[in-house]
Amino acid sequence: MPANDTGTEFAHEADRIAEVLREAGEIALKTFRGEIRSWTKGHNSPVSDADIAVDLFLREKLSRPGIGWLSEESVDDLKRLDSERIFIVDPIDGTRSYLAGREDWSICAALVERGRPVAAAIYAPALREMYVASAACGASLNGARIETSTGASLDGARVAGPRQCLDRVAKLAPAAVAMPKIHSLALRFARVASGQIDVAFASVNARDWDLAAADLLVHEAGGAMTGVSGEPLVYNLQLSAHGALIAAGRERHAALIGLMRERRKKLP
């Protein structure tokens, strides 16, 4: 398939994903700030009836023969490893925020081809924020093109992430500005793509479903999202967990990776 046809295909796919996420958002909003059953799974991770309802809806609307499936709320079928393409979704990213009545939760979906996302959307229903991206076609927020912030300086840079990451940045760049916590990891990175945040971190063990859609958004908005040593992310491996991550505009990302590398060299 010619490159321009491929780009058109991915753009159409991203639009389709966004349409499905918008419908899924209405399902989640029906019980948002209302009575809802919830419980915990795994390492004290919350899940609710809304997570399950959205997961079932996404699978019904998005899944197709020959395309694999990986969701936080679905049983992981390792036959997905045989698929060249796979949908990776998070029915509600930031379930704790959802259950607490906060607005910083989102629904995420990405089409991944040979380990990298090619079409994706992140929707924050309570905020009515729809982020969409497709390979080689850019990224948008509510239909308007977005770009990461420019420049390499960390002086005054707006930084979001876990407290331990913010503490490390403060040692490297005391003039950086710590931002309030954004509980949806996907939304945190999406705000790097839109330039609302300059740098965002994730701690160890973020999963494919937290990251795949945001990764494409940041990349298509002119930024980089990698491991803290600069290594690119690969999706749809047997293990879906990742190491610590950093996202920023390309110049600032490179500068911060360099600072962290120099600091590691100086450690005993």
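**Exercise 1. The sheet**

What is the order of the strands in the open sheet of five strands, and what is the pairing?

*Solution.* The model is predicted. Start with the order: β11-β10-β12-β14-β13. The pairing is mixed. Next, look at the ends. β11 (177-178) and β13 (223-227) are the edge strands, and each has a single partner strand, so one side of each has no neighbour in the sheet. Now go inside. Strand β12 (residues 199-202) pairs with strand β14 (residues 245-249) in the antiparallel sense, over four bridges. Within this pair, Val199 stands opposite Ala248 in β14.

**Exercise 2. Helices on the sheet**

Find which strands α5 touches, then state how many of its residues are buried.

*Solution.* Take the contacts. Helix α5 (residues 185-193) packs on the sheet and touches β10, β12, β13 and β14. Its direction makes about 155 degrees with that of β12. Then check burial. Nine of the nine residues of α5 are buried. Among them are Leu185, Leu187, Phe189 and Val192, but also Arg188 and Arg191. Just after α5, Gly195 takes a positive phi of about 80 degrees.

Add the other helix. α4 (residues 163-172) lies across β10 (158-160), β11 and β12. It runs at about 145 degrees to β10.

**Exercise 3. The nonpolar cores**

Identify the residues with the most contacts inside the largest nonpolar core, and the helix that gives the most to it.

*Solution.* The largest nonpolar core has 41 residues. Ile122, Phe189 and Leu211 have the most contacts inside it. Helix α6 (residues 208-220) gives the most to this core, with eight residues.

Now follow Phe189 outward, leaving out residues up to four places away in sequence. Phe189 touches Ala200, Phe201, Ala202, Leu211, Ala214, Val218, Met225, Leu245 and Ala247. Apart from the largest core lies another, of 31 residues. Its members include Leu21, Ile107, Ala109 and Ala119.

**Exercise 4. The cysteines**

Decide how many disulfides the structure holds, and explain why Cys108 counts as buried but Cys137 as partly exposed.

*Solution.* A search of the whole structure gives zero disulfides. Test Cys108. The nearest cysteine sulfur belongs to Cys165 and is 19 Å away. A disulfide needs the two sulfur atoms within 2.5 Å, so Cys108 is in none.

Now apply the burial cut-offs. Cys108 has a relative accessible area of 2%, which is under 20%, so Cys108 is buried. Cys137 stands at 38% relative accessibility. That value falls between 20% and 50%, so Cys137 counts as partly exposed.

Conventions:
Residues numbered from 1 in each chain as written. Predicted model: local features only at pLDDT ≥ 70, side-chain atom pairs only at ≥ 80, totals over all residues. Heavy atoms only, no water. Buried < 20%, exposed > 50% of the residue type's maximum accessible area, 1.4 Å probe, protein only. Pairing = 2+ DSSP bridges. Helix = DSSP H or I, 4+ residues; strand = E, 2+ residues; numbered from the N terminus. Contact = heavy atoms within 4.5 Å. Axes fitted to C-alpha atoms, helices over the stretch in contact; angles between N-to-C directions. Core = buried A, V, L, I, M, F, W, Y, C linked by side-chain atoms within 4.5 Å.
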